[in-house]
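Got the model open in your viewer? Here is a walk through it, one selection at a time.

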Amino acid sequence: MPRIHLDGAPIEAQAEETVAAALLRAGVTTFTRSIKYHRPRGPFCFAGSCGQCLMRIDGLPSLPACRVRVAEGMRCERQNGPLGVENDLFRAADFLFPDGLDHHHLMVRSRLLGRVALEIARRLAGLGELPEAAERPGRGELRVVKLVIVGAGPAGLAAARAAGAGALLIEREGRAGGAELLFGAPVDTDAGPAELLLDAECVGLYANDTAIAGNALLAVRRRDRLLAIVAERVVIATGGVSQPVPFPGVDRPGVYAARGLLTLGARVGRELALVGEGKEANRCAEALSRRGYEMAVIPGVPRRALGNPVKAVDTAGGKRIRCDAVAIAQPPAPLHELATSAGAQAHFDGAGFPVQTDAEGRTSVPWLFAAGTVAGKPPLASGEGAGSAACR
Amino acid sequence: MPLSEKAIVCACEDVSVHDIDDAIAHGYADIESLKRYTGLGTGPCQGKSCEVGAMRICAQRNAVPPPAQVPFRARPPLAPTTMAAYAGLPAEVTGARHATRGLRPTWGGGAHPLQPPAPLPGSADVVIVGGGIMGLALAWNLAGKGAGRVLVLERGYLCEGASGRNGGGVRAQWTTPTLIELAKESIAFMARFAQELGINVWLRRGGYLFLAHDEETLRRIEYGAELQKRYGLPTRVITPGEAGEIVPQLDISRFLAASWNPEDGVVFPWPFLWGYADGARRRGAQVETFTRVTGLEVSDGRVRAVQTDRGRVAADRVVIAAGAWSPMVARLAGVQLPNVPYRHEIVSSEPLKPFLGPLVSMLGTGLYFSQSMRGEIVGGMGDPDEEPGLNQTSSLRFLARYGRALSELVPQLGAVKLLRQWAGCYDVTPDHSPVLGETPRVAGLLQMSGFVGHGFMMAPAVARRMAEWMGGAKDEIFERYNVRRFAEGRLIKETFIIG
């Protein structure tokens, strides 16, 4: 069993688990302090998206504890708590400014006080300290392909099967299947003759400006290196991302995305207050109960969450529900960023910004297609449609 | 000390529902302004956990109509990625290149859905085309001097152009006396901006460190330091060892000497625009966003009116302060400006605890970087292969070149993650000096452009002098920097251009 260190103290971890899982198992819920008010924060999404579990690991600042796997002797250090993260005295900022701190208009009357505010703000800014050591460039590569499909969930897999040979399917996780796997649903993970590249996260999609022919240029992260891909066409099937609901206390440790808890090896207590309603809440509740959780389902937006970590929720109706943790079960919001950064249009539908597509998955950018959750469409049919249209 | 009852929407930047309501109340409800005014979506998660929540609040408050309910422009990288990873990209990415087209606006096309329905006034005494820092600062100065009815027209949101896209560096280290004086006055004004305009701009005077990598550049910084000393600046040329004491993380084997002025600094650019716009409005000027100028009427050698997508405004004085768009606007009046737009790219890193005092620039490559008040390393780099054009898109090529250059100069930054890249346009003149004053043969058409990426740090002084000159005061810079100098061969060479 690997042993890791948190701020110098040893913690027994389990092989292959993430730092976040190891810390939660050891009862640590405050992973960092927030940037402005020094509020305690812990993991929320468990998918490397929300930025609430950033930690210094082996001398590198602000790594997502939910994505880094433990290793023997790993040094984990909590950030942004200069006098200790558990009892950070700078949390006074949260207490002194209960309605928030309007930094635009703070101390504007006096030049002297303004300069004092500047000096204080400068010293408190930032999260992580500089990396300990220099890092050499990670030797990157370049590939040229006809079609890239981003995301190997049901939609991306369907697109790959329809597109056939010559398509490259990239997936940021170590396995194909996407979020459906969390619910134990059967997923056809066959990519057909398309090539499947795992542990490959697309971090940038650009109009191709290299001298190589092709419309798109993708930056794909594979651990500490980047793979550049020039492609004629791109299908975005990135799925969705867990969302919080703004209510007082939602940012406290002990409030987790329901889908995040399903990815987590460790358990966070026994009794959950599950915030949500409709299909997403039902599916999450069912899957979480299979993991041994008991649940009180809270429809609507709660009035507040209490405790650090959260141990109770007040409902809108004024009822106090005690729990070991809170799970938020909102429908995941389309991960539109890759598509929209390349110019595709997206509009708000009340729950997110699905990328606008036509019946065959075309976006407003001629070489760019989108399918599945990211386009607000059923995965299999839209994936197949986009996969075949992108090959025509 | 109990935790407060804040309802946090953006956990990365600690933005609450209260903060969003406050921004809406200030008129910054469109998603791009909301992002900039509150800071939401600018942290490590890049908006993935807050953008939906924020838009839900805006929709509930009816703050923006459905066609404007679009995401803010997503900025690569979509997940934090180290400079070292970009530095290692292969030569094909940074080699020969083809120009690409710009992106369509996030809302689709045509008039912006947030364009105010009310018609513009039928006439004004002064119409200023461009709501960047130049136009807004001029409006504030003019309105304070009883210049009559002043109307500013901005085609997008405040901060959409270069004034909202620059790195916030402000310096007096220039090689022409006029620019030194304009910058000195402007920086002094920035230090009291909060008291004058009621909003913080966070001027932090950490100095500017120009690095010279070869003998020719060394001679340039020696000349510059000598001139600047004559104009009262504390600039001096220092050794690599001395530069290493100011920034210990520098690889001092990569340059021969440095030019150092500890009084230069960095600001937070956005509040300048909000501050000047609010200030101008308080003094009675009208600032209209999401309004496009479509024509300039000229007859008998005089400007007569401005046509817009919200109607015609008669005016006998029209100021073109549209930055890189100025030549396009001038053409509407049949005037050819020599200015050419060039894209410049920029990127911001993860927030780090303060370690870097000055803005550092390598004069040869145009690499520059500084640490913002939020702790991010903000920097950019020029690209000799950049094609002219109004292009505000981002490229992978830039991140690869910047990542390589910066992690060579500061090896410890190799493992620092980049968070957000964007681009803006420099408004480049043949001699790298601005275009000011009245247009030859078009009376009343005034120029205020051509600042080659440094207009931001000159604007407070330029706008003051321009307002006084428009009020009848004599000022030779509006003759000397007149556009006719290009036809007459009287160029005014400025050589300290970076980026």
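Start by picking B:Ile320 and looking straight across to B:Gln447 in strand E22 of chain B, which stands opposite. The two strands here are E15 (residues 318–320) and E22 (residues 445–449) of chain B, paired in the parallel sense over three bridges. Two strands count as paired if DSSP finds at least two bridges between them; helices (H or I, at least four residues) and strands (E, at least two) are DSSP runs, numbered from the N terminus.

A word on what you are looking at: this is a predicted model, in which local features need pLDDT of at least 70 and side-chain atom pairs count only at pLDDT 80 or more, while totals for chains, interfaces and linings use all residues. Residues are numbered from 1 along each chain as its sequence is written, and chains are lettered from A and ligands numbered from 1 in the order in which they are written.

Now widen the selection to the whole sheet. It is an open one of six strands in chain B, ordered E11-E5-E4-E15-E22-E21, with mixed pairing. At its edges you'll find strand E11 (286–288) and strand E21 (435–438) of chain B, each pairing on one side only. On average, neighbouring strands of this sheet are turned by 20° against each other, direction ignored. Axes here are lines fitted to C-alpha atoms, for helices over the stretch in contact, and angles run from 0 to 180 degrees between N-to-C directions.

Add helix H6 (residues 133–143) of chain B. H6 lies across strand E4 (126–129), strand E5 (150–153), E11, E15 and E22 of chain B, and runs at about 170° to E5(B). Contact means that the C-beta atoms of two residues, placed from the backbone, lie within 7 Å.

Next, select B:Met470, in helix H14 (residues 459–470) of chain B. Is B:Met470 buried or exposed? Buried, with 20 other C-beta atoms within 10 Å. The cut-offs: 20 or more other C-beta atoms within 10 Å of a residue's own make it buried, 12 or fewer exposed, and anything in between partly exposed, with C-beta atoms placed from the backbone. Leaving out residues up to four places away in sequence, B:Met470 touches B:Leu142 and B:Ala147. Try a distance too: the C-alpha atoms of B:Met470 and B:Leu446, 24 residues apart along the chain, are separated by 9.4 Å.

On to the other sheet of chain B. Here an open sheet of nine strands has the order E3-E20-E16-E19-E18-E17-E7-E9-E8, again with mixed pairing. E3 and strand E8 (236–238) of chain B are its edge strands, each pairing on one side only. Zoom in on E3(B) and strand E20 (residues 417–428) of chain B, which pair in the antiparallel sense over two bridges; B:Thr81 has B:Leu418 as its bridge partner in E20(B). Helix H13 of chain B packs on the sheet, touching strand E16 (340–349), strand E17 (359–362), strand E18 (367–371), strand E19 (377–380) and E20 of chain B, and its direction makes about 70° with that of E18(B). Helix H9 (residues 215–230) of chain B lies across strand E7 (208–212), E8 and strand E9 (257–261) of chain B, at about 25° to E9(B).

Go to helix H1 (residues 17–25) of chain B, where B:Asp19, B:Ile20, B:Ala23 and B:Ile24 are buried. Their arc around the axis is only 140°, so they sit on the same side of H1(B); the arc is that of the directions from the helix axis to the C-beta atoms. The buried residues of H1(B) pack against strand E1 (8–10), strand E2 (15–16), helix H2 (31–38) and helix H3 (51–60) of chain B. After H1(B) comes B:Gly27, with a positive phi near 90°.

Show both chains now: 86 residues of chain B are in contact with 93 residues of chain A. Elements supplying at least two residues each on the chain B side include E1, H1, H3 and helix H13 (396–409) of chain B. By class, that side has 42 nonpolar, 25 polar and 19 charged residues. Ala, Val, Leu, Ile, Met, Phe, Trp, Tyr, Cys and Pro count as nonpolar, Asp, Glu, Lys and Arg as charged, and the others, Gly among them, as polar.

Last stop, chain A: strands E1 (residues 3–6) and E2 (residues 9–12) of chain A pair in the antiparallel sense over four bridges. They form a hairpin with two residues between them, and A:Asp7 in the turn has a positive phi of about 50°.
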